[in-house]
Amino acid sequence: MSIRAAWPGGLRHETNASGGVSRLWARILVHGDHGRSLEPLVAGLSGSVSAHAGKDTVSVHIDVPTAQLEPALRALANRLDDHTLASAALFDDEKRRALEELHAQENDPMQSTLLLLLRTLFRHHPYGQNPLGNTTSLATLTQAALTGFQRTILAPSAMTLAIVGNVRF
């Protein structure tokens, strides 16, 4: 079974000041801490989970055996309902990882050239921003801002849920 939950989000809903918030939210949602991580829950169901923040959407993708559909949906719903999202330690750790990834990207000639091309083509549009954010946006991003992003942009009413596989009702 393949489950995909998607929301309008990603670069289109970010500014230069909030750059990287979609990607950071997606990473924290999957990794979590203190028993709130989707990874071990889904792995315990013999499945896999990933999250993605793109240009227009933020999504979570879960693959599980057919018999595990209901527990997987329950795990996803519980995680999405968790408004604490992450401890301060996890939040800081994920921000540090994002900054490391940003610095590695800046030192990669191919990636930095692609980012320059996108900034040039989409000069006055959010698509010209780096999906990872920027040093300033990541340094100033707070847990409160991440929670606000989840409550406004990623509201349950804005979610599209798709289930593919041998679904029986």
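Buried means under 20% relative accessible area, exposed means over 50%, and partly exposed is anything in between (1.4 Å probe, protein chains only). Keep that handy for the exercises below.

A word on the ground rules: this is a predicted model, where local features need pLDDT of at least 70, side-chain atom pairs count only at pLDDT 80 or more, and totals for chains, interfaces and linings use all residues. Residues are numbered from 1 along each chain as its sequence is written, and side-chain values use heavy atoms, with hydrogens and water left out.

**Exercise 1. Confidence**

Task: Find which element of the chain has the lowest mean pLDDT and which the highest.

Solution:
- Step one is the term itself: pLDDT is the predictor's confidence in each residue, from 0 to 100.
- Next, look at the whole chain, where the mean pLDDT is 90 and 98% of the residues reach 70 or more.
- Now go element by element. Helices (H or I, at least four residues) and strands (E, at least two) are DSSP runs, numbered from the N terminus.
- Helix α7 (residues 143-152) comes out lowest with a mean of 87, while β4 comes out highest with 96.

**Exercise 2. Where does R27 sit?**

Task: Place R27 in its helix, and decide whether R27 is buried, partly exposed or exposed.

Solution:
- R27 is found in helix α1.
- Look at that helix as a whole: eight of the 11 residues of α1 (residues 21-31) are buried, so the rest of the structure largely encloses it.
- The buried ones are V21, S22, L24, W25, A26, I28, L29 and V30.
- R27 isn't on that list; its relative accessibility is 22%, so it counts as partly exposed.
- Now check what lies around it. Contact means heavy atoms within 4.5 Å, and, leaving aside neighbours within four places in sequence, R27 is in contact with E94, R97 and E101.
- There is also H52, 25 residues away along the chain, whose C-alpha atom is 8.1 Å from that of R27.

**Exercise 3. Follow the charges**

Task: Start at R27, find its salt bridge with E94, and then trace the network that shared partners make.

Solution:
- Get the rule straight: a salt bridge is a side-chain nitrogen of Lys or Arg within 4 Å of a carboxyl oxygen of Asp or Glu. The structure holds eight of them.
- R27 pairs with E94, and their closest N and O atoms are 2.7 Å apart. R27 belongs to α1 and E94 to helix α4 (residues 88-106), so this pair ties together parts that are 67 residues apart in sequence.
- E94 has a relative accessibility of 1%, so it is buried.
- Move on to R97, which bridges to D93 with closest N and O atoms 3.2 Å apart. Both lie in α4, four residues apart, about one turn of the helix.
- R97, at 36%, is partly exposed, and so is D93, at 22%.
- Then take R96 and E100, whose closest N and O atoms are 2.7 Å apart. They are four residues apart in α4, which means about one helical turn separates them.
- R96 is partly exposed at 37%, as is E100 at 45%.
- Put it together: salt bridges that share partners join R27, D93, E94, R96, R97 and E100 into one network.

**Exercise 4. Pair the strands**

Task: Work out which strands pair with β1, and in which sense.

Solution:
- Two strands pair if DSSP finds at least two bridges between them.
- Strand β1 (residues 2-8) pairs with strand β3 (residues 57-63) in the antiparallel sense over seven bridges. To see this in the model, find R4, which stands opposite H61 in β3.
- β1 also pairs with strand β4 (residues 160-164), again antiparallel, over five bridges. Here, look for I3 opposite I163 in β4.

**Exercise 5. An unusual phi**

Task: Find where S46 lies, and say what sets its phi apart.

Solution:
- S46 lies in the loop between α2 (38-43) and β2 (48-53).
- Recall that most residues other than glycine have a negative phi.
- S46 has a positive phi of about 65° although it is not a glycine.
- Its relative accessibility is 60%, so S46 is exposed.
- For another positive phi, go to G32, which follows α1 and has a phi near 50°.
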